[in-house]
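Me: I am new to this structure and would like a close look at a single part of it, with enough of the surroundings to place that part.

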Amino acid sequence: MFSDSPVIVWFRDDLRLADNPALHAAVAAGRPLICVFVFDEESEGIRPLGGAAKWWLHGSLAELDKALGVFGGGLVILRGRGDQVIETLATETKAAGVYWNRRYDEAGRAVDTRLKTALKARGMEAESFNGGLFHEPWTVKNKSGAPFRVFTAFWRAARGNGDPPLPIPAPVKVSFYAARPEMTVALDDLALEPGKPDWAGGLREAWHRGEVAGQRQLETFLEESLGGYTANRDRPDRPATSRLSPYLRFGNISPRQIWHAAMASGRSPDLDKFLAELGWREFSYHLLYHQPDLATHNFQPRFDAMPWIKDAAALRAWQRGQTGYPIVDAGMRELWTTGWMHNRVRMIAASFLAKHLLIDWREGEAWFWDTLVDADPANNPASWQWVAGSGADAAPYFRIFNPILQGEKFDPDGAYVRRWVPELAALPASAIHKPWTAKPAVKAYPVPIIDHDFARRRALDAFAQTRDRTTQN
DNA sequence: TTTTGAGTTGTTCGA
DNA sequence: GTCGAACAACTCAAA
C-alpha cells in the first residue's frame with residue numbers, strides 16, 4: 001500500500017463533522033480522505049426514503065459538502081449498491097481502508113457485512129464505529145441474557161452503565177485525496193428535492209437542515225424550553241418540544257452531543273424526562289435490531305388476528321386531514337405542510353387510524369414514512385406499534401384516545417387547531433374541538449367520519465376477538 | 001424456583 | 001364537580 005493511499009469515509013446516517021467517530025479515526029490515520037455518500041435504492045431489501053426524508057437528505061448533503069469545503073475538500077456523491085460502489089472506489093483509488101459508522105436496519109447491515117468481507121479479502125482495512133447510539137443493541141441485556149421488552153427496565157439498565165462518552169470535537173484539519181472519482185454524480189442529479197409540483201415550500205419555511213442548524217436548534221431548545229419541558233411538551237400550541245428529530249434522523253446531530261449539552265444545563269426532573277426521550281429512540285433501535293421486520297410484522301403475534309378494515313376512503317380522509325375531528329386533522333395538515341407533527345398529536349392521530357378507523361397500523365406507518373422529515377427505520381415502526389397496541393411495552397389496548405377530550409386537554413384555547421384548520425378559526429374555544437355542536441354549523445368542515453363511542457366499542461370488540469382466535473389455536 | 005409488584009403519554013362509569 | 005375502580009395480559013426484576 002502506498003503511503004499516500006487514501007482512506008474512505010463512508011457517510012450514511014451521520015451527516016456531520018463533530019462527534020463523528022469514523023471521520024475522527026480516518027483523520028487520525030494521517031492519510032488523505034475521500035468523504036463519500038452513496039445514494040442506494042438498489043440493494044436488496046433497502047427501503048427507499050420517503051419524499052420528505054429525501055428533501056431533508058438533500059439539504060444535509062449540501063451542508064456537509066459546504067463544511068468539508070472549508071478544509072479545501074468536499075463530499076463525493078455516488079449512486080448504486082453501497083457495497084459494490086464503495087468496493088469499486090476503494091479498488092480504483094488503491095485505498096488503505098474504509099471507515100463508517102454503523103447502521104441497524106437489516107438490509108443496511110447486510111450491505112455493510114458484505115463490504116467488510118470484500119475489503120478484507122483485498123487486504124484493505126474496514127472499520128466500523130458507533131456514531132448513533134449510546135450502547136450497541138447487542139450489549140444491553142436483562143439478567144437472563146435476553147433483550148429487554150419493556151422500556152423502563154431497558155432504560156434503567158442503559159443508564160446504569162453511566163454517562164455516554166464525551167462527544168468528539170470536529171477535526172481542525174483535514175487533507176483530501178486530490179483526484180475526483182469518475183463515478184461522481186452531482187447532488188441535483190439525485191433529484192432528492194421536488195421539481196414540479198414543488199410541494200416543499202412549507203418544509204423550507206419550517207426548517208433549516210444540516211449540522212449547523214441542528215446545533216442552533218439544540219441551543220435554542222435548552223435555553224428556552226428545557227425548563228418546564230415535562231408539562232409543556234404535551235402542548236402542541238406551545239413551541240416546547242426539542243424539534244431535534246430530523247437532525248437525529250440523518251445524524252446532523254448525535255445523541256451524545258445532545259446528552260452532554262443537556263446535562264451541562266443542570267440536573268432536574270425536566271432533564272430526566274428529556275433524556276428519556278433519547279432513551280425511547282435508543283429503545284426503538286434496540287427493538288429493530290432484535291426484530292428486523294419491525295416495520296412489517298406485529299411485535300406481539302396476537303395482533304396477527306386483528307380484524308383490520310380496508311377502507312380507502314377513510315384512509316384518504318385521515319391522510320388529508322378531513323376526518324371531522326379537529327385535533328386529528330390539524331396534526332395531519334401540520335404533517336403535510338411542514339413534514340413534522342407534534343408528538344402528542346402523533347399519538348392522537350395514529351390512535352385514531354388504528355383504533356377508531358381500525359385501519360392496519362402499517363398503512364399509517366407508510367404514510368408517515370413518506371411525509372415525515374424525521375421518518376427513521378426504528379422510531380417510525382416502533383412508535384406505530386406502540387400506539388396500535390401490537391408493540392413492545394405498548395399502550396394497553398383499552399387506552400383509546402378520545403380526540404375531543406385530548407384536544408380540550410392539550411390545546412385548551414384551540415390555538416393549534418385554528419392555525420392548521422382555518423375553517424374553524426372563528427369558533428369559540430368551547431366548540432373548537434367539537435365543531436358539529438356549533439351553531440350555525442361550519443359548512444366548510446366535514447362532519448366526523450365516525451362516531452367516537454361507536455368506534456371505541458368496536459375497537460374493544462376487535463381486540464377481544466384476537467384473544468378468542470389466539471386461544472383457539 | 002416461585003411469587004409479587006410495577007409498568008410513558010387514558011377513558012368511562014358509578015358513587 | 002371529584003374520585004376510585006375497571007378495563008387484560010405479559011415482561012421484568014426484586015424479594
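Which handedness does the β-α-β unit made by β4, helix α4 and β5 have?

Reply: In this predicted model, strand β4, helix α4 and strand β5 make a β-α-β unit that is right-handed. Its helix, α4, covers residues 106–121, while strand β4 takes in residues 97–101 and strand β5 residues 125–129. The two strands run parallel, and 5 bridges join β4 to β5. One position can be picked out to follow this pairing in the picture: G97 stands opposite E125, a residue of β5. When looking along such strands it helps to recall that, in a regular strand, the side chains alternate between the two faces of the sheet.

To place this unit in the whole, one can turn to chain A, which has 19 helices and 5 strands. The radius of gyration of chain A is 24 Å, close to the 23 Å that the globule rule gives for 473 residues, so the chain is as compact as a globular protein of that length. Taken along the principal axes, a box of roughly 80 × 55 × 45 Å is filled by the C-alpha atoms of chain A. Of the 473 residues, 46% count as buried, and, among the contacts in chain A with a separation of 6 or more, 77% are between residues 24 or more positions apart.

The surroundings also include DNA. Around DNA strand B there are 18 residues, of which T152, W280, R399, N402 and L405 come nearest. Two or more residues of this surface are given by each of α5 (151–160), α11 (269–290), α14 (343–356), α17 (403–410) and α19 (452–472). By kind, the residues of the surface near DNA strand B divide into 9 nonpolar, 4 polar and 5 charged. DNA strand C, in turn, is surrounded by residues including N142, K143, F148, R149, Y397 and R467, and the surface near DNA strand C divides into 8 nonpolar, 1 polar and 3 charged residues.

A last point of reference is A178, which lies in the loop between α5 and α6, the latter covering residues 201–206. A178 counts as exposed because A178 has 9 C-beta neighbours inside 10 Å, where the cut-off for exposed is 12 or fewer. Along the chain A178 and A388 are 210 residues apart, and their C-alpha atoms are separated by 52 Å.

Key
Residues are numbered from 1 along each chain as its sequence is written. Chains are lettered from A and ligands numbered from 1 in the order in which they are written. This is a predicted model: local features need pLDDT of at least 70, side-chain atom pairs count only at pLDDT 80 or more; totals for chains, interfaces and linings use all residues. Two strands pair if DSSP finds at least two bridges between them. Helices (H or I, at least four residues) and strands (E, at least two) are DSSP runs, numbered from the N terminus. A crossover is right-handed if, with the strands pointing away from the viewer, the path from the first strand over the helix to the second runs clockwise. A residue is near a molecule or strand if its C-beta atom, placed from the backbone, lies within 6 Å of it. Ala, Val, Leu, Ile, Met, Phe, Trp, Tyr, Cys and Pro count as nonpolar, Asp, Glu, Lys and Arg as charged, and the others, Gly among them, as polar. The radius of gyration is taken over C-alpha atoms; the globule rule is 2.2 Å times the number of residues to the power 0.38. A residue is buried if 20 or more other C-beta atoms lie within 10 Å of its own, exposed if 12 or fewer, and partly exposed in between; C-beta atoms are placed from the backbone. Two residues are in contact if their C-beta atoms, placed from the backbone, lie within 7 Å.
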